[in-house]
Amino acid sequence: MAATRLTATVAGCAAAAAALAALTACAPPGANTDKTNDVAAQQQVPALNEVGGESLAPVASTPAVPLTTTLKAASIPKMGKVVTDQDGFVLYRFDKDTAKPPKSNCVDKCAQVWPPATTDGNPDLSGVDPSVVGTVTRADGSRQITLAGWPVYRYIGDPKPGAWKGQNVGGVWFVVDPTGKKNLTCLPTPAPTAVQPPAASAEATTNGDGGTGGY
C-alpha cells in the first residue's frame with residue numbers, strides 16, 4: 001500500500017512539474033514564476049509584470065505614444081514572428097474589431113490602455129508586405145494602421161521594447177504577426193487581466209463603454 005501511494009505521489013509531482021514548466025515556458029518576459037507552490041502569489045506581482053488573475057493599479061500618468069512611422073517584422077523569444085513599431089514595441093490586434101470592413105471598437109478607456117497605432121502617412125515597412133498594410137479612420141479623425149484589415153495597437157502594460165504582456169489579455173487581445181493573423185504560439189494561462197487606464201485619464205473619462213474589451 002505504501003509503495004502504491006509513493007508511486008501515485010511521484011506521478012502527481014511529475015505532472016505538476018510538467019504543467020509548471022509549460023506555463024513558465026510561455027510566460028511573458030518578467031513574469032513571476034519563482035513561487036511554484038503558491039498560485040495566489042504568482043498573481044500578485046507588480047502591475048507591469050501581471051500574468052493573470054487580479055485587476056491592476058492604474059498607471060500613474062498617460063504615456064506619450066508617438067505616431068507609428070515604422071512597421072517592422074521581427075522574431076522574439078518564446079513568441080516568434082511579431083510586428084513592432086519604430087521603437088521596438090510589439091503590436092496587437094483585438095478580437096472585437098472587424099477586418100471586413102476594417103473597424104476599431106476600442107475607444108475611450110480601452111484606447112487609453114491600448115493606444116491605436118496611428119499614422120499621418122505611409123509608415124516605413126521592414127519585412128511586412130505592403131499589400132496587407134492599410135488604414136482606417138477612427139471616430140476622432142485619426143488614421144489607424146491596419147494589417148490585413150485588422151486595426152493594430154500598442155499596450156501600455158508593456159514596460160519595454162520586445163515585451164508582449166498583452167498576449168491573450170481578456171482572451172481577446174493577441175500579438176499580431178506580419179500577415180495580420182493572431183500569433184498563437186504562446187498563450188499565457190489563465191488569460192491575463194489588463195492594466196488599468198492611466199489615473200488622470202480614467203478620472204477624465206466618464207463613458208466606460210469602450211473599456212469592455214479586456215482593458
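The charged end of Arg-154 sits over the ring of Phe-89, 4.0 Å from the ring centre. A charge gets this description if NZ of Lys or CZ of Arg is within 6 Å of the ring centre and within 35 degrees of the ring normal. Arg-93 does much the same with Trp-150: its charged end sits over that ring, 3.8 Å from the centre. A word on the ground rules: this is a predicted model, where local features need pLDDT of at least 70 and side-chain atom pairs count only at pLDDT 80 or more, while totals for chains, interfaces and linings use all residues. Residues are numbered from 1 along each chain as its sequence is written, and side-chain values use heavy atoms, with hydrogens and water left out.

Now for the overall picture. The protein's secondary structure comes to four helices and eleven strands; helices (H or I, at least four residues) and strands (E, at least two) are DSSP runs, numbered from the N terminus. Of the 215 residues, 42% count as buried, where buried means under 20% relative accessible area, exposed over 50%, and partly exposed in between (1.4 Å probe, protein chains only). About 10,500 Å² of the protein is exposed, and carbon and sulfur atoms supply 57% of that; the areas come from the Shrake-Rupley method with a 1.4 Å probe, and for residues only the protein chains shown count as cover. Among contacts with a separation of 6 or more, 68% are between residues 24 or more positions apart, a contact being heavy atoms within 4.5 Å.

Back to the rings. A pair of aromatic rings is described by the distance of the centres and the angle of the planes. Here, rings of Phe, Tyr and Trp (its six-membered ring) pair if their centres lie within 6.5 Å; planes under 30 degrees apart count as stacked, over 60 as edge-to-face and the rest as tilted. The structure holds six such aromatic pairs. Take Tyr-92 and Trp-114: the ring centres are 5.5 Å apart and the planes stand at 80°, so this pair is edge-to-face. Tyr-92 lies in strand β3 (residues 92-94) and Trp-114 in the loop between α3 (109-113) and β6 (118-119), so the pair ties together parts that are 22 residues apart in sequence. Both Tyr-92 and Trp-114 are buried.

Phe-94 and Trp-173 go about it another way: with centres 4.2 Å apart and planes at 5°, the pair is stacked. This pair links distant parts of the chain, with Phe-94 in strand β3 and Trp-173 in strand β11 (residues 173-175), 79 residues apart. Phe-94 is buried, at a relative accessible area of 2%, and Trp-173 counts as buried at 0%. Ring pairs join Tyr-92, Phe-94, Trp-114, Tyr-153, Tyr-155 and Trp-173 into a cluster.

Several of those names come back in the largest nonpolar core, which has 23 residues; Tyr-92, Cys-106, Trp-114, Tyr-155 and Trp-173 have the most contacts inside it. Such a core is a set of buried Ala, Val, Leu, Ile, Met, Phe, Trp, Tyr and Cys residues joined through side-chain atoms within 4.5 Å. β3, α3 and β11 each supply at least two residues of this core, and the largest share, three residues, comes from α3. Apart from this core lies another, of ten residues, among them Val-132, Ile-145, Leu-147 and Val-176.

Strand β9 (residues 143-147) is mostly covered, with four of its five residues buried. Two strands pair if DSSP finds at least two bridges between them. Strand β8 (residues 133-137) runs antiparallel to β9, joined by five bridges, and Val-136 stands opposite Gln-144 in β9. In the hairpin of β8 and β9, which has five residues between the strands, Gly-141 takes a positive phi near 95°. β6 also pairs with β9 in the antiparallel sense, over two bridges, and Thr-119 stands opposite Arg-143 in β9. Strand β10 (residues 150-151) is another antiparallel partner of β9, again over two bridges, with Leu-147 opposite Trp-150 in β10. The hairpin of β9 and β10 has two residues between the strands, and Ala-148 there takes a positive phi near 55°.

Ala-99, in strand β4 (residues 98-99), meets this hairpin region. Leaving aside residues up to four places away in sequence, Ala-99 touches Ala-148, Gly-149 and Trp-150. The C-alpha atoms of Ala-99 and Trp-150 are separated by 4.8 Å, though the two are 51 residues apart along the chain. At 14% relative accessibility, Ala-99 counts as buried.
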